[in-house]
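I opened a fresh page for this model and worked through it from the chain contact outwards. Here are my entries, in the order I looked things up.

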2 protein chains.
Amino acid sequence: MSRPPTSRDLARLAGVSQATVSRVLTNNPKVNAETRARVLQVLKDANYKPNALARAMKTGRTDTIGVFMTRVTSPFHAELLDEIGRVLSSMGQHMILWNIEHDPEEAVAEVLQQRLVDGFLLTSATYDSKLHSMALASGTPTVLLHRGIDGLDCDQVVGDNYQGAYDAGRYLVDHGHTDIGLVTLTHTGNTSRDRDLGFRAALADAGVKIKPGNVVPVDVPHSAGHAAAVKLLSRKKPPTAIYTVTDLLAFGILDGARAVGARVPDDVWVVGFDNTEMAAWEAFDLTSVEQPVHSIVETGIQLLRERIADPDRPTEVITLPCPLAIRGSTANRH
Amino acid sequence: MSRPPTSRDLARLAGVSQATVSRVLTNNPKVNAETRARVLQVLKDANYKPNALARAMKTGRTDTIGVFMTRVTSPFHAELLDEIGRVLSSMGQHMILWNIEHDPEEAVAEVLQQRLVDGFLLTSATYDSKLHSMALASGTPTVLLHRGIDGLDCDQVVGDNYQGAYDAGRYLVDHGHTDIGLVTLTHTGNTSRDRDLGFRAALADAGVKIKPGNVVPVDVPHSAGHAAAVKLLSRKKPPTAIYTVTDLLAFGILDGARAVGARVPDDVWVVGFDNTEMAAWEAFDLTSVEQPVHSIVETGIQLLRERIADPDRPTEVITLPCPLAIRGSTANRH
DNA sequence: CGAGGGGATGAATACGTATACACTCAGACA
DNA sequence: TGTCTGAGTGTATACGTATTCATCCCCTCG
């Protein structure tokens, strides 16, 4: 009761050597069918499970993937995490989750070298963070998910933020909007950057100029979107549409609009980015550019497994399309 | 480059034995100050980090806690997870996260015996799940967080759901409501049960009867709350207040009210439970019973550490008060 | 000046598993 | 009948660290 049984204990019980028990455990074909059956019976009776640590130390594989993430409470991140958990567990892999907001960089650096995971998934790569370079330097297989870094020699799977943003801009222009607000992140990642640039490009291509006052740089949270909307919609001649780079901000914008009495979509259209589940809630009913979370995660983990299997393979950067999901926060004006 | 350096490699470099290196690593006082300094310098130069697996195998401690959770995308769960991550990382502990929705019970059973964590935090205990009994049977220190199980000989830290619900009921009655809807979970956990019973008790104590038609048993998601609200509010004489057992359902109810054109709080008051961050969003502005997430997590992890240190200590069940957070979804009628 | 003692260190071992290697024993083939 | 083969099994070892035990040296004290 005090000490869990070891393979050696069970070997004694089954009248074989520890090596044979191990062979049974690893499905090694070089073991007599009869012996295998007997050993399996003993294992089952004892409800034996191999010590994962000892196994990992011997094989060098932990069957565990390290996931780095920020702001789990943010709807999109939660969905991403949920999906990662689903896919990993379907492959019999465990997940160690680190919130790089909480963990000091120094602690993270330690973790990277400890060899307690087979690979890393980074979901919050930013230019100013050293996380990705540390991860790569550690020699542990690493894939960037959702947030990429241009020109980095590392596997990456991201949504086509530029294209998604472009389509959103095009959509607004096509529906006659010319006075458009852009609530954008001051963040230093290329995800939000592309969601900004793609949108601007669409408007530029259509000959629509963005008034300087229509661009509101904000921080991440809901309240920032709220404040931005209040600012934009309190003007004498407010914009007829507002696009922003995350759903969370869009929710804040919708709330801000509510606060100043602006009706959506009658007075102002609102478009977000991520197409989280909440975007479909009646409270928001938000038109949003969809991130193909499922594909991103599935592809990224597939890539990670391939890199674990062959660390020398060439790196891949995969970009997946982001279609626009249209809802009630934008309505046909005609 | 290929193989990370071991303590033995560094011992050679520093001209000492591996044992001495190990002593330095573990802050063993029985090592000469001069020697320690030299070894530390070598360790630093090599950017050496001890192999966590080998260390864990030797010491029996992994500095890792296993967390079982469901529906990470649910706002309250995300906040709980975030808080758990914060507290664990502040103590230098890692977190392995399992979503027991994704993982088949059999896989979970395997994990429990593998000794790859020092302890478990269960946040989704339900009567019909065997998870808690399996965890206890595994002999690994375990604490139930947020969801408890009556009479189970296991450390538990939960909000006082009964009291919170009672106060919510009392609050509605005190403000003159007599026709009150109760949207309740069919779930088999004592969390939602207490949130139901406490509310009923408050009404009963005040002599307010709940019409049979006013009780709507539902499933977990937002859409269920939506449907329940539509059902309740479409009646000829709809209730003047609706209480429900989670914020997620309350959000659905608010959306449902919007859908049928009922104004909150003018036509109907809405009260939720959890007081998630989103409850404060303008879109919802929800009066809600607060769960003391921070205290629950902090206390629970403290309890877990104590149990890890001393597995034989008596079990504790800690119940923390749940105050009512009043917002715009309920307004003073007078 | 010798016995004793304590501070530092090295050698050896154990944690529990996977696996290379050695060995046994049939059966096959000459 | 003796050698060879190969399936099946056991023995021994390694993974990298923490820790017990033995050792050594220097100092103190009688």
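**Entry 1: the contact between the chains.** I began with the contact, which takes 41 residues from chain B and 41 residues from chain A. Two residues are in contact here if their C-beta atoms, placed from the backbone, lie within 7 Å. On the side of chain B that touches chain A, I found at least two residues from each of α4 (52-59), α5 (75-90), β2 (94-99), α6 (105-113), α10 (222-233) and α11 (247-260) of chain B. Of these, α5(B) gives the most, with seven residues. Helices (H or I, at least four residues) and strands (E, at least two) are DSSP runs, numbered from the N terminus. I sorted the residues on that side of chain B into 19 nonpolar, eleven polar and eleven charged. My classes take Ala, Val, Leu, Ile, Met, Phe, Trp, Tyr, Cys and Pro as nonpolar, Asp, Glu, Lys and Arg as charged, and the others, Gly among them, as polar.

**Entry 2: ground rules.** I noted that this is a predicted model, in which local features need pLDDT of at least 70, side-chain atom pairs count only at pLDDT 80 or more, and totals for chains, interfaces and linings use all residues. Residues are numbered from 1 along each chain as its sequence is written, while chains are lettered from A and ligands numbered from 1 in the order in which they are written.

**Entry 3: symmetry.** I laid chain B on chain A by a turn of 180° and a shift of 0.0 Å along the axis, with an RMSD of 0.1 Å. The two copies are therefore related as by a two-fold rotation axis. In chain B, the C-alpha nearest the axis belongs to B:Ile96, 2.2 Å from it. The same surface serves both copies, as 100% of the contact residues of chain B recur in chain A. The superposition is by least squares on the C-alpha atoms of residues with pLDDT of at least 70 in both copies.

**Entry 4: chain A as a whole.** I counted twelve helices and twelve strands in chain A. The C-alpha trace spans about 90 × 40 × 30 Å along its principal axes. Chain A has a radius of gyration of 26 Å, where a compact globule of 334 residues would have one near 20 Å; the radius is taken over C-alpha atoms, and the globule rule is 2.2 Å times the number of residues to the power 0.38. Of the 334 residues of chain A, 51% count as buried.

**Entry 5: the DNA.** Which residues are closest to DNA strand C? Among the 27 that surround this strand, they are A:Ser7, A:Ala19, B:Ser17, B:Ala19 and B:Asn32. I call a residue near a strand if its C-beta atom, placed from the backbone, lies within 6 Å of it. By class, the surface near DNA strand C has nine nonpolar, eleven polar and seven charged residues. Around DNA strand D I found 28 residues, with A:Ser17, A:Ala19, A:Asn32, B:Ser7 and B:Ala19 coming nearest. The surface near DNA strand D has nine nonpolar, twelve polar and seven charged residues.

**Entry 6: one loop residue.** I finished at A:Asn27, in the loop between α2 and α3 (33-45) of chain A. Is A:Asn27 buried or exposed? A:Asn27 counts as exposed because it has 8 C-beta neighbours inside 10 Å; the cut-offs are 20 or more other C-beta atoms within 10 Å for buried, 12 or fewer for exposed, and partly exposed in between, with C-beta atoms placed from the backbone.
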